[in-house]
Amino acid sequence: MLQKISFSPTARPRALANWLFFVAALIVLMVVIGGITRLTESGLSITQWKPISGIVPPLSDAQWQAEFEHYKRIPEYQQLNQGMTLAGFKAIFFWEYLHRLLGRLIGLAFALPLLWFAVRRQIPRGYSWRLVALLALGGLQGAIGWWMVQSGLSVRTDVSHIRLAVHLLVALFTLAGIVWTALDLRKLIRNPQARPARLTGLGALTGMILFVQLLFGALVAGLNAGLVTDQWPLMNGRFFPGATVEGRPFLDALFNDPAIVHFVHRWWAWVAVAALILLARATRGIDRRASIAIHSAFGIQILLGIATVMSNMNITLAALHQFTGALLVIATAWGAHAVGQRR
């Protein structure tokens, strides 16, 4: 049985919750910028990892030329982008630099206030370990990001779609954990003896089904599988398009074939919708706002997904699709948390 958590007079659950919601908003922005970075093929424009000095972008013509020369050494440039001008390089450099800079800012936005709250003994008992674990996840995410970039610096002309999926899923898992913790802290504002919400079977099942959908969404992005077809519900005139490359083993095709990955992503979505409807119905009598958020998020997400495919991967629509995906994770965490408050 979970122990009741009370807090001392110095604890500030409201301030902690507001801080975590702010960090969650930054992570949503990070997910969107990361999606644009992938869509614009910008992710390999910075070929070195400099955690401190990398904060400052190239400022002189000589520094820009040096960065461009680093890029010219990798297969993406040599096989796909020969003839790119320095101006073209600056355009893709911008998105990758912004993505990394925002990652650093999120790290500071989490670590420094956490240290402040800890020193002033403002963290309620039972929450310190959880906040430190979330900070560790953020640090791990930075390492995963560089691990992903490294996969495209030799041999390949892009990053590994598997590593990209890991990178995105860890970000979304961290986002869900931050939102869940913030919601627990908000309960303490109203009731100092409130216990953390538990993860119910329904919440866990919905989360696992949504995880599969997010996984295949990340694989679609990594494989450029959205370009397989611009039709919906059919794929190039067929319900099941078949593999892009025949003769692949089942598991290989399932995770590596663009047509199969696209097919799974578009139709598993309806399994996710069914689970989300069940969660929303269970949530409705506890927190109607969470129920509305779930319905709204998955409804908009479906429409954006279809529009993105039919527009042949319009960047704006694709970025909005990823943005709404992050909001759907938040809404799902909110609903699962509400259901988990029942005792």
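This note goes through the aromatic pairs, the salt bridges and a few helix details of a predicted model.

1. On aromatic pairing in general, the structure holds 16 aromatic pairs. One of them joins W64 and F93, whose ring centres are 4.9 Å apart and whose planes stand at 70°, so the pair is edge-to-face, given that planes over 60 degrees apart are classed in that way. W64 belongs to helix α2 (residues 61-72) and F93 to helix α4 (residues 86-119), so this pair ties together parts that are 29 residues apart in sequence.

2. As for the surroundings of these two rings, W64 has a relative accessibility of 14% and therefore counts as buried, the cut-off being under 20%. F93 is likewise on the buried side of that limit, with a relative accessible area of 5%. A further aromatic pair is formed by Y71 and Y77, which is edge-to-face as well, with 5.9 Å from centre to centre and 70° between the planes; both Y71 and Y77 are buried.

3. The two pairs should be read together, since W64, F68, Y71, Y77, F89, F93 and Y97 form one aromatic cluster. A charged group also meets this cluster: the charged end of K72 sits over the ring of F68, at 4.5 Å from the centre of that ring. F68 is thus a member of the aromatic cluster and also the ring over which the charged end of K72 is placed.

4. Turning to charged pairs, side chains of opposite charge can pair when their charged atoms come close. How many salt bridges does the model contain? The count comes to eight salt bridges, and one of these links E41 with R38, where the closest N and O atoms are 3.8 Å apart, against a limit of 4 Å. The two partners fall into separate accessibility classes, because E41 at 32% relative accessibility counts as partly exposed, whereas R38, with a relative accessible area of 11%, is buried.

5. R248 deserves a separate point, as this residue takes part in a salt bridge with D252, the closest N and O atoms being 3.7 Å apart, and in another with D257, for which the corresponding separation is 3.5 Å. R248 is partly exposed, with a relative accessible area of 31%, and D252 is also partly exposed, at 29%, while D257 is buried, with a relative accessible area of 0%. Through shared partners, these salt bridges join R248, D252 and D257 into one network.

6. For helix α5 (residues 128-150), I would draw attention to Q141, which lies within that helix. Is the residue buried or exposed? At 14% relative accessibility, Q141 counts as buried. If neighbours within four places in sequence are left aside, Q141 is in contact with H167, V170 and A171.

7. The geometry of helix α7 (residues 201-223) can be checked against its length: at 1.5 Å a residue, its 23 residues should span 33 Å, and the end C-alpha atoms are 33 Å apart, which agrees. The expected span is taken over one less than the number of residues. After α7 comes N224, whose phi is positive, near 55°.

Methods. Residues numbered from 1 in each chain as written. Predicted model: local features only at pLDDT ≥ 70, side-chain atom pairs only at ≥ 80, totals over all residues. Heavy atoms only, no water. Helix = DSSP H or I, 4+ residues; strand = E, 2+ residues; numbered from the N terminus. Buried < 20%, exposed > 50% of the residue type's maximum accessible area, 1.4 Å probe, protein only. Contact = heavy atoms within 4.5 Å. Phe/Tyr/Trp six-rings, centres within 6.5 Å; stacked < 30°, edge-to-face > 60°. Lys NZ or Arg CZ within 6 Å of the ring centre and 35° of its normal. Salt bridge = Lys/Arg side-chain N within 4 Å of Asp/Glu carboxyl O.
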